Amino acid sequence: MEKVRAKKHLGQHFLKDLGIAERIAMSVTGHMGVKKVLEIGPGMGVLTDFLLEQDWELYLVDIDKESIAYLHKKYPQLDEKIIDADFLKYDFGRVIAGRYIVAGNFPYNISSQIFFKILEVRNNVAEVVCMLQKEVAERIASPHGNKNYGILSVLLQAYYDIEYLFTVPPAVFDPPPKVNSGVIRLKRNKTEMLDCNEKLFFRVVKQGFSTRRKTLRNALKSLGLSDEMKQDPILDKRAEQLDVSAFISLTNKLEMSWKE
């Protein structure tokens, strides 16, 4: 079969190191007893081969028509489980019942958007094992108080336990990216709902990091702080100094201050 060409506009960098592909596949644990795995952007199936060896109930999704045609030839047994769609726009509840695991070598240009989509369906996604740009991987796994810590760190850590697993050099890809890659694993925690207004929590986190160098008093000004709220010492801090529980507490304080 002819090889699939990596397309720049899709952010494709095909992994060619079988040892690393196997290591990523072995990092999938089946958290919560889940057996279904959805691989994003399988390309020519380097990671897919190792996932199939482990007997997961595997689904593949790719936006690249050339990849889809290649995958149908290579894995005829997967048939309708090869989904020709944009991960960001597709409703996977139509084809995958219940919880599933997300795996893959994420396209660098949309990796953050993939995680925002995962957050939307967080009660269905039990585990994520993925490779993405090292900087983004480190940010997601970063603890509070660290300069890498940001919006995705807080939002994902609210619902997932996150581990940075290992770093991957550019040379193992075709074409090689200009940066190192990192592999991370996220496991859904026991938090079904946060102990606050979740919609407001998301808004507070995004607004808090909108001007990261400013204190939260300045960053959250547009949310309409009451005079009493303006005096709260938590607002002397910057967003990166707050962990998930502190953001939950801040969200509750804000909501209470509006009601008074």
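Two residues are in contact here when heavy atoms of theirs lie within 4.5 Å. Keep that in mind as we walk through this predicted model, starting from one small residue and working outwards.

## A85 and its surroundings

A85 sits in the loop between β4 and β5 (100–105). Is A85 buried or exposed? With a relative accessible area of 11%, A85 is buried, because buried means under 20%. Leaving aside neighbours within four places in sequence, A85 is in contact with V61, D62, I63 and Y90. For a sense of scale, the C-alpha atoms of A85 and L242 are separated by 37 Å, and the two residues are 157 places apart along the chain.

## D62 and strand β3

One of those contacts, D62, belongs to strand β3 (residues 57–62). D62 also counts as buried, because its relative accessibility is 5%. Which backbone nitrogens lie by polar atoms of the D62 side chain? There is one from G43 and one from D64, as the table shows.

| Backbone nitrogen | Partner | Distance |
|---|---|---|
| G43 | polar atom of the D62 side chain | 3.3 Å |
| D64 | polar atom of the D62 side chain | 2.9 Å |

Strand β3 as a whole is mostly covered, with five of its six residues buried. Its pairing with strand β2 (residues 36–40) is parallel and runs over five bridges. Within this pairing, I40 has V61 of β3 as its bridge partner; V61 is also among the residues that A85 contacts.

## The sheet

Now let us step back to the sheet. How many strands form it, and in what order? Seven strands make an open sheet, ordered β4-β3-β2-β5-β6-β9-β7, with mixed pairing. The edges are β4 (82–84) and β7 (160–168); each has a single partner strand, so one side of each is left without a neighbour in the sheet. From one strand to the next, the twist averages 20°.

A general point helps here: strands of a sheet pair through backbone hydrogen bonds, either parallel or antiparallel. While β2 and β3 pair in the parallel sense, β7 and strand β9 (residues 181–188) pair in the antiparallel sense, over eight bridges. There, Y164 has I184 in β9 as its bridge partner. Helix α6 packs on the sheet, where it touches β7 and β9, and its direction makes about 120° with that of β7. Another helix, α3 (residues 65–74), lies across β3 and β4 and runs at about 160° to β4.

## Helix α10 and its cover

Finally, look at helix α10, which spans residues 244–259. This helix has 16 residues and reaches 23 Å from its first C-alpha to its last, close to the 22 Å expected at 1.5 Å a residue. Which residues of α10 are buried? They are V244, A246, F247, I248, L250, T251, L254 and S257. Part of the reason for a repeating pattern in any such helix is general: an α-helix has 3.6 residues a turn, so residues three or four places apart point the same way.

What covers the buried residues of α10? The cover includes α6 (151–159), α7 (198–208), α8 (216–219) and α9 (227–230). The axes of α7 and α10 come within 9 Å and cross at roughly 110°, and the two helices are therefore roughly perpendicular to each other. On the α7 side, the residues that meet α10 are L200, F201, V204 and V205. Their partners in α10 are V244, F247, I248, L250, T251, L254, E255 and W258.

Conventions:
Residues are numbered from 1 along each chain as its sequence is written. This is a predicted model: local features need pLDDT of at least 70, side-chain atom pairs count only at pLDDT 80 or more; totals for chains, interfaces and linings use all residues. Side-chain values use heavy atoms; hydrogens and water are left out. Helices (H or I, at least four residues) and strands (E, at least two) are DSSP runs, numbered from the N terminus. The expected span of a helix is 1.5 Å times one less than its number of residues. Buried means under 20% relative accessible area, exposed over 50%, partly exposed in between (1.4 Å probe, protein chains only). A polar contact is a pair of N or O atoms within 3.5 Å; within protein, one must be able to donate a hydrogen and the other to accept it, and residues adjacent in sequence count only if both atoms are side-chain atoms. Two strands pair if DSSP finds at least two bridges between them. Axes are lines fitted to C-alpha atoms, for helices over the stretch in contact, and angles run from 0 to 180 degrees between N-to-C directions. Angles under 35 degrees count as roughly parallel, over 145 as roughly antiparallel, 65 to 115 as roughly perpendicular and the rest as oblique.
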